[in-house]
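Trainee: Could you take one part of this model and look at it closely? I would like to know how it sits among the rest.

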Amino acid sequence: MTILPPEPDLNALRLKLARLRAERGWSYDELAARSGLARRTVIEIEQGRTVGSLKTWHSLAHALDMPLDELFGALCHGHDLPGPRER
């Protein structure tokens, strides 16, 4: 029997990105410039038209001065994070 992991919450991830950008008062242009990404890429990720590559998210995390694992924690919205459970 195969046990599949829960689906990642990509909507929660894109909303977290949008919230973090807004909290900093940054425009799409500002986040794009700080991350080295195209403005269109940032917009398409935030609007859910694309997921983006790991390299893209790595650039966004650095631009936001946030650990990648903290940013990606949003993917587990609605279910437990993977890893050993404390007993």
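Mentor: Start with the outside: the accessible surface of the protein chain comes to about 6,100 Å², and 53% of it belongs to carbon and sulfur atoms. Such areas come from the Shrake-Rupley method with a 1.4 Å probe, where for residues only the protein chains shown count as cover. This is a predicted model, in which local features need pLDDT of at least 70 and side-chain atom pairs count only at pLDDT 80 or more, while totals for chains, interfaces and linings use all residues. Residues are numbered from 1 along each chain as its sequence is written, and side-chain values use heavy atoms, with hydrogens and water left out.

The chain has five helices and zero strands. Both are DSSP runs numbered from the N terminus: H or I over at least four residues for a helix, E over at least two for a strand. The C-alpha trace spans about 45 × 25 × 20 Å along its principal axes. Of the 87 residues, 31% count as buried, that is, under 20% relative accessible area, whereas exposed means over 50% and partly exposed lies in between (1.4 Å probe, protein chains only).

The part to look at is helix H4, which covers 54–63. Its buried residues are Thr 56, Trp 57, Ser 59, Leu 60, Ala 61 and Ala 63. The cover over them includes H1, H2, H3 and helix H5 (68–72). Just after H4, Asp 65 takes a positive phi of about 55°.

Next comes the core. A nonpolar core is a set of buried Ala, Val, Leu, Ile, Met, Phe, Trp, Tyr and Cys residues joined through side-chain atoms within 4.5 Å. The largest one has 19 residues, and those touching the most other members are Leu 17, Leu 31, Trp 57, Leu 60, Leu 64 and Leu 71. At least two residues of this core come from each of H1 (10–23), H2 (28–35), H3 (39–46) and H4. In soluble globular proteins, nonpolar side chains tend to be buried together.

Leu 71 shows how H4 is met from elsewhere in the chain. Contact means heavy atoms within 4.5 Å. Leaving out residues up to four places away in sequence, Leu 71 touches Trp 57 and Ala 61, and also Leu 13, Lys 16, Leu 20 and Met 66.

Trp 57 also takes part in a ring pair. Rings of Phe, Tyr and Trp (its six-membered ring) pair if their centres lie within 6.5 Å; planes under 30 degrees apart count as stacked, over 60 as edge-to-face and the rest as tilted. By this rule there is one aromatic pair. It joins Trp 57 and Phe 72 edge-to-face, at 5.9 Å centre to centre with 70° between the planes. The pair links distant parts of the chain, since Trp 57 is in H4 and Phe 72 in H5, 15 residues apart. Trp 57 counts as buried because its relative accessibility is 3%. Phe 72 has 24% and therefore counts as partly exposed.

For comparison, take two residues outside H4. Glu 46 lies in H3 and counts as buried because its relative accessibility is 6%. Apart from neighbours within four places in sequence, Glu 46 is in contact with Arg 14, Leu 17, Ala 18, Arg 21 and Tyr 28. Gly 36, in the loop between H2 and H3, is exposed, with a relative accessible area of 66%.
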